[in-house]
Amino acid sequence: MADQQTSAQSFEDGRATFSRMYDYLLGGVHNFAADREAARQLLRAFPDAADTARSNRLFLARAVRTLAEAGIRQFLDLGSGIPTQGNVHEIAQAIDPTIRVLYVDIDPVAVVASNHILTGNPTCRAVEADFTRPQLLLDALTSGDLATVIDLGQPTALLYCSVLQLVPPDLIDGVVAPIRDRLVPGSALTISHPGTAVTDGYDESSVSSVAEVYRTTAAADIVLRSDAQLAALFGGFGLIEPGLVSLNQWRPELGEPDPYAAKSMLSPMRGGVAVLHA
Ligand SMILES: C[S@@+](CC[C@H](N)C(=O)[O-])C[C@H]1O[C@@H](n2cnc3c(N)ncnc32)[C@H](O)[C@@H]1O
């Protein structure tokens, strides 16, 4: 469906990937020596990296729970990552076992691991694809067998959690808008993303060291975005309470304690959930 050269190359040449570094930070087992070394470099530059990853996972869980409880019955998770604890289908299907989830990731390790844990779960799938090529994804969703998982004629929860920071400013609208604007009323959009206000809690040199580690180890360029830039990504969708906030401030009562609850600073990741009204 998509050009997977980037992920395939990094798998073969022993380079770290964003997904497997994240897996290591979350205590997962689907990572290789290059990922672990890169993640250790990241932790030296930014000791809160594991807490930030965990905080992101907990936000994702609270958002999914909120949307499943609100009645959404299908979830499209773009840049879904390697499965760990509290995966989207587990949270959603605890509310309604018939909920359908399509996981999409560019990293074959993430896709294989996801399909492994989805064995025997007929309403969920994982596919390898590049979400920066939304038309290919839309074609597959409308004309291929993925239409049995996600019916774009029904309200859909679209998830972009900790992924859009990999998309450069000149491409971001063309990546998000085609899928977002194809969703029908009753749909929802969830985004989590490192914010520019990150320097309120961390000094600028640690922020640039983090960017340097991702660039040199995983060939990933990280873009921070302001609240105004993130709000624009929601298009015509309306943010639900509490709006666009640091992740640990988003409905903390709905889940396990966020690691930032015990710190004197807010999570450097911002996030929100928005819905499309009729
Ligand atoms: C930090 S992980 C986030 C995982 C999950 N969304 C979460 O919030 O826990 C980012 C994921 O995005 C995936 N990714 C990066 N670029 C992608 C692309 N162009 N298309 C699909 N997936 C991509 C990576 O492989 C990785 O698994």
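Which helix gives the largest share of the lining of the second largest pocket? I started my notebook with that one, keeping in mind that this is a predicted model.

**Entry 1: the pocket**

I looked up the lining and got H4, which supplies 6 residues, the largest share. The whole lining of this second largest pocket is made of 14 residues. I noted the ones nearest the centre: Arg54, Leu58, Ala61, Gly86 and Glu256. Then I sorted the lining by class and wrote down 5 nonpolar, 4 polar and 5 charged residues. The volume came out at about 270 Å³.

**Entry 2: helix H3**

Next I went to H3, which runs over residues 33–45 and has 13 residues. From first C-alpha to last, H3 reaches 19 Å, and that is close to the 18 Å expected at 1.5 Å a residue.

Which residues of H3 are buried? I found Asp35, Ala38, Ala39, Leu42 and Ala45. They sit on the same side of H3, because they cover an arc of only 115° around the axis. The general rule helped me here: an α-helix has 3.6 residues a turn, so residues three or four places apart point the same way.

I also checked what the buried residues of H3 pack against, and there are three helices to write down: H2 (18–25), H4 (49–69) and H9 (204–218). So H4 turns up again in my notes, having already given 6 residues to the pocket lining. On the face of H3 turned away from the buried side, I found the exposed residues Ala33 and Arg44.

**Entry 3: odd backbone spots**

Where is the cis peptide bond? I found it joining Glu241 and Pro242, with omega at about 5°. Pro242 belongs to the loop between strands S6 (238–239) and S7 (245–246).

Then I looked at positive phi values. Ala219 has one of about 50°, although it is not a glycine. I located Ala219 in the loop between H9 and helix H10 (227–233). Is Ala219 buried or exposed? It counts as exposed, because its relative accessibility is 52% and the cut-off is over 50%.

Arg251 is another non-glycine with a positive phi, this time about 45°. I found Arg251 in the loop between S7 and strand S8 (269–275). With 22% relative accessibility, Arg251 counts as partly exposed, since buried would need a value under 20%.

Conventions:
Residues numbered from 1 in each chain as written. Predicted model: local features only at pLDDT ≥ 70, side-chain atom pairs only at ≥ 80, totals over all residues. Heavy atoms only, no water. Helix = DSSP H or I, 4+ residues; strand = E, 2+ residues; numbered from the N terminus. Expected span 1.5 Å × (residues − 1). Buried < 20%, exposed > 50% of the residue type's maximum accessible area, 1.4 Å probe, protein only. Arc of directions from axis to C-beta. Contact = heavy atoms within 4.5 Å. 1 Å grid on protein atoms, 1.4 Å probe; cavity = no way out; pocket = protein on both sides within 12 Å on 5 of 7 lines; lining within 4 Å. Points joined across faces, edges and corners; volume = space filled by probe spheres on them. Nonpolar A, V, L, I, M, F, W, Y, C, P; charged D, E, K, R; others polar.
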